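Thanks for coming. I will go through salt bridges, then one sheet, then cavities.

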Amino acid sequence: MAPALAESPSAAQAFSYDKPSKSVFPDGYKTSGQWPPIYDQLRPYSDFPKEITGQTVWKAEDYTNNPERWTHRFSKEETTQLGEAADAFMASGTPLTGISKEKFPLPKMEGFLTSLRNEILDGKGFLLFKGFPVTEWGNHKSAVAYMGIGCYLGYFVSQNGYGHVLGHVKDVGADASQIDKVRIYRTSARQFFHADDSDIVGLLCVARSLEGGESDIASVHNVWNTIQREHPDVAETLTQPIWYFDRKGEVSVGQEPYTRQPIFYIENGGEERVYCKYDPYFVKSLKRFSDVGVIPPLSEAQEKAIKVLEDTCVRLSLHMILEVGDIQFLSNLSVLHARTAYKDHAPPLPRRHLMRLWLAVPETEGGWKLATPDSKHQKRGGIQVNDTPPKALLDAE
């Protein structure tokens with residue numbers, strides 16, 4: 001039978017902030033992983049705003065013809081500083097999983113990166129860097145410099161059961177139809193609008209595909225306002241804790257193979273902002289449980305909500321194409337993102353390849369106040385299986 005609504009306080013009690021061994025986790029923090037919400041902290045639909053205002057409510061037409069409002073081209077001075085910091089870090093012999101602001105000083109860029117962090121967390125929620133010298137530097141130095149930038153935005157969290165804190169978005173031949181086992185980023189299939197399990201996601205383009213693989217993003221708050229106006233019944237369905245999310249086998253001892261949660265939340269305390277946690281591939285992949293009555297199947301109202309949410313995002317989205325050397329940083333709380341299906345070049349040309357970062361910003365350091373037991377943890381969110389150590393491979397496994 002489906003778990004009862006009263007089950008969650010045990011999740012809050014089970015979460016521990018104990019610091020793990022630095023011999024395993026070099027920066028002294030372990031990714032907290034996927035936690036169900038604390039159900040008595042969830043707010044009913046009646047508490048949600050009818051309309052959200054402010055700079056987080058942006059429209060595609062605000063930016064389509066104004067790239068200067070959402071892009072930053074690296075200057076020669078900036079790439080020189082990044083390159084020197086990367087060379088010094090590599091010479092130190094420190095493992096890439098141990099990189100930090102202290103070990104990657106950027107005195108001339110720190111102020112700008114702090115303002116960027118604030119813009120991602122509290123402003124429009126996205127920015128595209130251009131001109132990162134990935135071809136000149138190669139994968140190793142590029143990864144170091146990229147993660148060095150990431151240090152100023154948040155804490156690296158593991159992105160899968162292997163412990164990868166430097167992810168690789170690449171088609172490795174996985175079967176996209178096996179959605180109960182396969183993560184879609186390891187295929188060339190379309191990724192529908194979703195948010196990742198972190199506060200911020202970064203994507204560095206190392207190689208482009210022959211066709212497709214283009215990016216679309218949408219303001220969560222603009223999407224919410226639109227659904228509230230056009231489909232208030234759907235808005236209510238999206239706020240209810242009736243949605244099961246698959247862990248796809250990336251499960252620690254004692255955990256259930258799924259979590260149950262809403263899709264739209266209200267932040268606890270503070271500004272009480274609306275935020276979104278969603279990925280349709282993790283919602284639609286649970287037939288192996290619903291077919292045997294362990295969890296309920298998606299209702300007609302939920303099927304409608306999924307369609308309305310995706311269609312609204314598509315209609316309101318800003319389209320962008322990532323060129324080699326572009327870095328896209330997005331909020332996973334106030335922005336939903338998608339990718340078109342793609343086709344790779346034939347060998348020997350390289351396959352499409354993006355390096356990915358998932359970054360956490362705890363509420364104690366300016367992050368949003370989430371209804372999860374790990375909200376104050378430095379490395380909240382992400383995917384952590386037991387004590388799997390972090391890894392930072394320079395190519396897809």
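Asp27 is partly exposed, with a relative accessible area of 22%. Keep in mind that this is a predicted model. Asp27 has a salt-bridge partner, Lys379, and the closest N and O atoms of the two are 2.6 Å apart. Is Lys379 buried or partly exposed? Its relative accessibility is 5%, so Lys379 counts as buried; the cut-off for buried is under 20%. Where do the two residues sit along the chain? Asp27 belongs to the loop between helix H1 (9-14) and strand E1 (71-73), while Lys379 is in the segment after E17. They are 352 residues apart, and the pair links distant parts of the chain.

By the rule used here, the count of salt bridges comes to 19. I will show a few of them.

Take Asp47 and Arg43, which form a salt bridge with the closest N and O atoms 3.0 Å apart. Arg43 has a relative accessible area of 24%, so it is partly exposed. Asp47, at 38% relative accessibility, also counts as partly exposed.

Next is Arg288 with Asp246, whose side chains meet at 2.8 Å, N to O. Arg288 is in helix H8 (residues 287-290) and Asp246 is in strand E9, so this salt bridge ties together parts that are 42 residues apart in sequence. As for burial, Arg288 counts as partly exposed at 32% relative accessibility. Asp246 has a relative accessible area of 1%, so it is buried. There is also a network: Asp122, Glu267, Glu271 and Arg273 are joined into one by salt bridges that share partners.

Now the sheet. Which strands make it up, and in what order? The order is E5-E15-E8-E13, an open sheet of four strands with antiparallel pairing. Why do E5 and strand E13 (318-320) each have one side without a neighbour in the sheet? Both stand at the edges, and each has a single partner strand, so one side of each is left free of a neighbour there. From one strand to the next, the twist averages 15 degrees.

Within that sheet, E5 and E15 run antiparallel and are joined by two bridges. One residue pair to look at is Gln191, whose bridge partner in E15 is Arg339.

That leaves the cavities. How many of 30 Å³ or more does a search of the whole structure find? The search finds six. The largest has about 710 Å³ of space. Its lining consists of 48 residues, and those nearest the centre are Ala195, Asp196, Asp197, Ser198 and Trp358. Several elements give two or more residues to this lining, including strand E5 (191-194), strand E9 (243-246) and strand E15 (335-339). Strand E10 (258-261), helix H7 (280-283) and strand E17 (353-360) are also among them. Sorted by class, the lining of the largest cavity has 18 nonpolar, 15 polar and 15 charged residues.

The second largest cavity has about 80 Å³ of space. Which residues line it? Cys205, Arg208, Ser209, Gly212, Gly213 and Glu214 are among them, as are Ile321, Leu322, Arg352 and Leu354. By class, this second lining has four nonpolar, three polar and three charged residues.

That is the end of the list. Questions, please.

Note on methods: Residues are numbered from 1 along each chain as its sequence is written. This is a predicted model: local features need pLDDT of at least 70, side-chain atom pairs count only at pLDDT 80 or more; totals for chains, interfaces and linings use all residues. Side-chain values use heavy atoms; hydrogens and water are left out. On a 1 Å grid over the protein atoms alone, a cavity is a set of points where a 1.4 Å probe fits but cannot get out, and a pocket is an open set with protein on both sides within 12 Å along at least five of seven lines; lining residues have an atom within 4 Å of a point. Grid points are joined across faces, edges and corners, and a volume is the space filled by probe spheres set on the points. Ala, Val, Leu, Ile, Met, Phe, Trp, Tyr, Cys and Pro count as nonpolar, Asp, Glu, Lys and Arg as charged, and the others, Gly among them, as polar. A salt bridge is a side-chain nitrogen of Lys or Arg within 4 Å of a carboxyl oxygen of Asp or Glu. Buried means under 20% relative accessible area, exposed over 50%, partly exposed in between (1.4 Å probe, protein chains only). Two strands pair if DSSP finds at least two bridges between them. Axes are lines fitted to C-alpha atoms, for helices over the stretch in contact, and angles run from 0 to 180 degrees between N-to-C directions.
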